[in-house]
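New to this one? Here is a quick, informal tour of what sits inside and what touches what.

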Amino acid sequence: MQTQLLTFQNRVNQTLKQYIAHYCEQQLGETQHFFEAVEYATLNQGKRLRPALTYAVAKALNTPLEQVDSCACAIELIHSYSLVHDDLPAMDNDDLRRGQPTCHIQYNEATAILVGDAQQTMAFQILSDDSHLQPIHALEMISLLSKASGPLGMIGGQVLDIASEGKVITADQLKQLHNHKTGALIQCALLLGAVQSTNYAEIKPGLVKLGELIGLAFQVQDDILDIEGNTKTLGKPQGSDLALDKSTYPKLLGLANAKTYRDQLISEAQKVLQELPINSLFLNQLIHFIAERKH
């Protein structure tokens, strides 16, 4: 599994680097420093799980990977932009991300805001400009990504996350929060890999369910690692959720029950995957990795 994941990571990293270089070549005036910041915030040792999910589904459905490179880059740019903005003083006020100073610490707050804005808009430009995509497929991809990353998806989840700080919320409310904040982009990653398949309409509901389960399991493990992990391994401050009094699964269920819930989600995800017409050992292994990861 690690070999395949590394292959996907290298592929999306190289393609992202090419896209950023392409935009840098067309820079306006004295913006070289800005594109250095974009590269810093994008090519910084991320796990690239979302692009890996996109590539894995495409590969399992016999879609050539060059036809999903733009999708893989777009969803990673959206994820990276969300992290840049999450780290800002007005949000989580973190000074460490992926083992490096956060963008606003390395550069400045204004630059970080603009870097996140640039990453978000670049994601949609990459999809709309990709000559490998049929227009009908590009339109569906843009629709999926905009919904998953917007107020009905990730941003909506972030709003709920901020609103829940310092409060005790119900299990249903916490599930809704994380289905939007984390699950929406993971669902989108799976769907982006399937859009060009002739079976897309048939398998879409199953992929949506799979993405919901994986997304929740991913977030529960994140909550657990905030307690049990360490800053060096995590690449970000350990205990930051506790410091901000965020709503988390260990806080709601207790640590032991949170782990049990995570394992239940993983088992359900594996069952859903088995029912889909997708034969991918890597996807099955990646589902395991989500629960076992240490960062």
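What follows goes through the core, the cysteines, a glutamine and the aromatic rings.

Keep in mind that this is a predicted model.

Let's start with the nonpolar core. The largest one has 90 residues, and the members that touch the most others in it are Leu-145, Leu-207 and Leu-210. Take Leu-207 and skip its neighbours within four places in sequence: its contacts are then Leu-190, Leu-191, Ala-194, Leu-276 and Ile-278.

On to the cysteines. How many disulfides does the structure hold? The count is 0. For Cys-71, the reason is distance: the closest cysteine sulfur belongs to Cys-188 and is 8.5 Å away, too far for a bond, given that a disulfide needs sulfur atoms within 2.5 Å. Cys-103 is in a similar spot, because its closest cysteine sulfur, in Cys-24, is 15 Å off, which is too far for a bond. As for burial, Cys-71 counts as buried at 0% relative accessibility, and Cys-103 counts as buried too, at 6%.

Now for a glutamine. Gln-158 belongs to helix α8, which covers residues 154-163. Is Gln-158 buried or exposed? Its relative accessible area is 12%, so Gln-158 is buried. If you set aside residues up to four places away in sequence, Gln-158 touches Ser-82, Asp-86 and Lys-181.

Last come the aromatic rings, with a count of 5 aromatic pairs. One of them joins Phe-8 and Phe-282 in an edge-to-face arrangement, with 5.3 Å from centre to centre and 80 degrees between the planes. This pair links distant parts of the chain: Phe-8 is in helix α1 (residues 2-25) and Phe-282 is in helix α15 (residues 281-292), 274 residues apart. Another edge-to-face pair is formed by Phe-34 and Phe-35, at 5.8 Å centre to centre and 75 degrees between the planes.

Here is how the rings of those two pairs fare for burial:

| Residue | Relative accessibility | Counts as |
|---|---|---|
| Phe-8 | 4% | buried |
| Phe-282 | 8% | buried |
| Phe-34 | 22% | partly exposed |
| Phe-35 | 14% | buried |

Phe-34 is partly exposed because its 22% is not under the 20% that buried requires.

Phe-8 and Phe-282 also belong to a cluster, where ring pairs link them with Tyr-55. Finally, a charged residue meets a ring elsewhere: Arg-50 lies over the face of Phe-218, 5.4 Å from the ring centre.

Key. Residues are numbered from 1 along each chain as its sequence is written. This is a predicted model: local features need pLDDT of at least 70, side-chain atom pairs count only at pLDDT 80 or more; totals for chains, interfaces and linings use all residues. Side-chain values use heavy atoms; hydrogens and water are left out. A nonpolar core is a set of buried Ala, Val, Leu, Ile, Met, Phe, Trp, Tyr and Cys residues joined through side-chain atoms within 4.5 Å. Buried means under 20% relative accessible area, exposed over 50%, partly exposed in between (1.4 Å probe, protein chains only). Contact means heavy atoms within 4.5 Å. Helices (H or I, at least four residues) and strands (E, at least two) are DSSP runs, numbered from the N terminus. Rings of Phe, Tyr and Trp (its six-membered ring) pair if their centres lie within 6.5 Å; planes under 30 degrees apart count as stacked, over 60 as edge-to-face and the rest as tilted. A charge sits over a ring if NZ of Lys or CZ of Arg is within 6 Å of the ring centre and within 35 degrees of the ring normal.
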